[in-house]
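Colleague: I'm new to reading protein models. Could you walk me through one, feature by feature?

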Amino acid sequence: MNILKLSWKNILAKPLNSMMSVMLFALSVGLITFLTLFNDQFKKGLDNNLAGIDLVIGAKGSPLQLILNSMYHIDAPTGNIPIGEAAPFLNPKHPLLSAAVPLSLGDSYGAFRIAGTTPSIFRMYGARQVEGDIFKNDFEVVAGSAAAQKLHLHVGDEFYSTHGLEDNPDLTHDHGNPFVVTGILQPTGTVLDQLILTTPQTVWKVHEHDTTSSTSTESSHDEHAHSAQGHEHSSKPIITIDSAVAQVLTDSIISALRAQPEKEITSILVRFKTRTNIQSLNLLRNINANTGLMAASPAMEINRLYAMMGSGTEALQYMAILIAIVAAISIFISLYTSLKERRYEMALLRVGGAGPGKLFLMIISEGLWIAILGLILGLVAGHAGMHLAGGLLEKGYKYQFTGLQWVPEEMWIIFGALLVGLLAAVLPALQGSRTDLHRTLAES
Amino acid sequence: MIRTSSLTFAYPGQPPVSFPDVSCEKNEHALILGPSGTGKTTLLHLLGGILSPASGQIMIGDTPLHSLRGQKLDSFRGQHIGIIFQKPHFIRSLTALENLLLAQSLSGNKSEKSRALSLMERLAIGRNAYKKTTAMSIGEQQRLAIARALINNPAIILADEPSSALDDQNCRQMIDLLLEVATENKANLIVVTHDSRIKDSIDKKIYLD
């Protein structure tokens, strides 16, 4: 039985008082932890998906919407652009651009977006390995890892797409050619994990077949389940995407696109050869001023988004700090009142040989125990909350949120929480350590 | 063995009070008697190192208690002086046994559970070891207070009005038990009281007036 154990027993002896302080503490720590995790993963998610893209070219509208739609796949398109107008940027010989990836959006399967694009998108997002093979012909698709997992897609599966982003069976294109899964990407940590990729021509062809709106009520899921039953789901070997093959395919898709200037695509993701080139810097302004297209810079738009999100999380952070202050006051009051009740116990400890230092230490420990309990509870709650909210956030933001991750900023939360516990206990501890032995013993 | 000479004590802003000399040889016990307000508790606190004298000397064995200060005084008190207070007080969040273990650890000794338990058995409160002290009867609490005073094998046991809350029969038992265990442990027992019921239990008497 030493002073540390005694302080722990003292906390346990007053469970209701202690619990109140612990819960307040946990609430504050939990909230701050959640916000820290969210901010960290939100920013990392946005940054991961920048993928070195310097410019997105699409239809005129809100530049932020264009970025959100074409890079994060969380908003509706600003409209479509005719290939005729976009053709110069798709030209592989464009002097300023090192990569230009067309996107043709509009359909989905099971709430996962189908993007018509070229295989060059794999390199842009750093996807190197695929189970099975990449898409080579129309109606062949490569599914992102998260999409494949959630939709239970396997190489060789077939399915019909749905118009729009909703998982609505009434909008299923259930006639014409089904999509065939030729490959499943290994996880990239980017928005690619959440997409189903095919050729731009496929997206057009689905809609050409669609002369009237669908009348069938059979859901695409049923269809998929149906076709899935017939298959042996042995996994296919994982291959590294051959960049030469991908390039040849990309070139042929691009030239096919450019041969049909009257057709439309949604947007083009563009990388500059050199970012610091003055002509590159002027390209955005030139496109916006002199063409019917709109160019938006992801870096600029994302910074704007941070600024908007920032004020919201900042307000929450202030609230968490306010709760932390209330928690500290609660620890202070609980220690202070229990000190009054325990004056005689303090004197007994002194008589038994404990110096004022030990009494100080004991009361500080009591404050710290509460802080540590609140801290552990709060960290667990923050991570658990993040994990639970992860699924919801993932749907909204199209990238992964997890509570199982630890961020370095949490060291500051731990440090701060212990400091608050310590500060709240200092005054009562000083008071307790100064217990007047003779007077206290003589009084009772 | 304890010996004091020409002890005085002064409360701030008041003239110093002087106390008669107290001395106990080996195996000797003493009663300090006097009506209320004559400074019995002050003298007891001086002997216990709870107060420091304005002048005079207190020798416990070979140690000059009057010259000890701070942590040295606290440690010496914990190791060599056992004090029993008028009303038994304990650390409420601990069990009876834990209170004894804490007393051992505070004095700088090792917590010896076996010694604490056998001491409780000796005082016939062994079955209360794992009870909270608040769940014990007043008589049992008094015995636990004795156990706590004895746990570190002190040279001196001081008791401040130990019988004031007890009826005649318990009063008799209490003082007999105190004398027994003090003698067993080769400690000097000094009892401060104004309780005439225990006047005849101890031969050596020191009167305050």
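Modeller: Sure, we'll go through domains, burial, cores, salt bridges and a few odd spots.

Modeller: This is a predicted model, so to speak of local features we need pLDDT of at least 70, and side-chain atom pairs count only at pLDDT 80 or more, while totals for chains, interfaces and linings use all residues. Residues are numbered from 1 along each chain as its sequence is written, chains are lettered from A and ligands numbered from 1 in the order in which they are written, and side-chain values use heavy atoms, with hydrogens and water left out.

Colleague: Let's start with domains. Which parts of chain A belong to domain 1 and which to domain 2?

Modeller: Domain bounds come from an automatic or database domain assignment. Here domain 1 of chain A takes residues 3-46 + 310-443, and domain 2 takes 55-296. Their centres, taken over C-alpha atoms, are separated by 50 Å. Eight residues of domain 1 are in contact with seven residues of domain 2, where contact means heavy atoms within 4.5 Å.

Colleague: How do I read burial? Is B:Q142 buried or exposed?

Modeller: Buried means under 20% relative accessible area, exposed over 50%, and partly exposed in between (1.4 Å probe, protein chains only). B:Q142 counts as buried because its relative accessibility is 3%. You'll find B:Q142 in helix α5 (residues 138-150) of chain B; helices (H or I, at least four residues) and strands (E, at least two) are DSSP runs, numbered from the N terminus. Leaving aside neighbours within four places in sequence, B:Q142 is in contact with residues including B:I84, B:P88 and B:M174.

Modeller: B:L150 is in helix α5 of chain B too, and at 0% relative accessibility B:L150 counts as buried. The C-alpha atoms of B:L150 and B:H80 are separated by 9.6 Å, though the two are 70 residues apart along the chain.

Colleague: What about a whole helix? How many residues of α1 of chain B are buried?

Modeller: Seven of the eight residues in helix α1 (residues 40-47) of chain B are buried, so to read it, call the helix mostly covered. Among the buried ones are B:K40, B:H45 and B:L47. Just after α1(B), B:G49 takes a positive phi of about 70°.

Colleague: And what is a nonpolar core?

Modeller: In soluble globular proteins, nonpolar side chains tend to be buried together. A nonpolar core is a set of buried Ala, Val, Leu, Ile, Met, Phe, Trp, Tyr and Cys residues joined through side-chain atoms within 4.5 Å. The largest one here has 75 residues, and A:L349 and B:I146 touch the most other members. Apart from that core lies another, of 69 residues, among them A:M71 and A:W204.

Colleague: Which nonpolar residues form a patch on the surface?

Modeller: A:Y318, A:I321, A:L322, A:I325, A:I329 and A:I333 do, with about 600 Å² of accessible area together. A:I329 is found in helix α11 (residues 298-341) of chain A, and at 44% relative accessibility A:I329 counts as partly exposed. Patches are made of residues with over 30% relative accessible area and no salt bridge: like charges are joined within 9 Å, nonpolar side chains (Val, Leu, Ile, Met, Phe, Trp, Tyr) within 5 Å. Accessible areas come from the Shrake-Rupley method with a 1.4 Å probe, and for residues only the protein chains shown count as cover.

Colleague: How many salt bridges does the structure hold?

Modeller: Side chains of opposite charge can pair when their charged atoms come close. A salt bridge is a side-chain nitrogen of Lys or Arg within 4 Å of a carboxyl oxygen of Asp or Glu, and the structure holds 20 over all chains. In one of them, A:E345 and B:R92 meet at 3.0 Å, N to O. A:E345 lies in helix α12 (residues 343-351) of chain A and B:R92 in the loop between β7 (81-84) and α3 (96-106) of chain B, so the pair joins two chains.

Modeller: Another bridge links B:D74 with B:R77, the closest N and O atoms being 2.4 Å apart. Both lie in helix α2 (residues 70-80) of chain B, three residues apart, about one turn of the helix. A:R350, B:D74 and B:R77 are linked in a network of salt bridges.

Colleague: Last one: what is the phi of A:H152?

Modeller: A:H152 has a positive phi of about 55° although it is not a glycine. A:H152 is found in the loop between α6 (145-151) and β7 (158-159) of chain A, and is exposed, with a relative accessible area of 55%.
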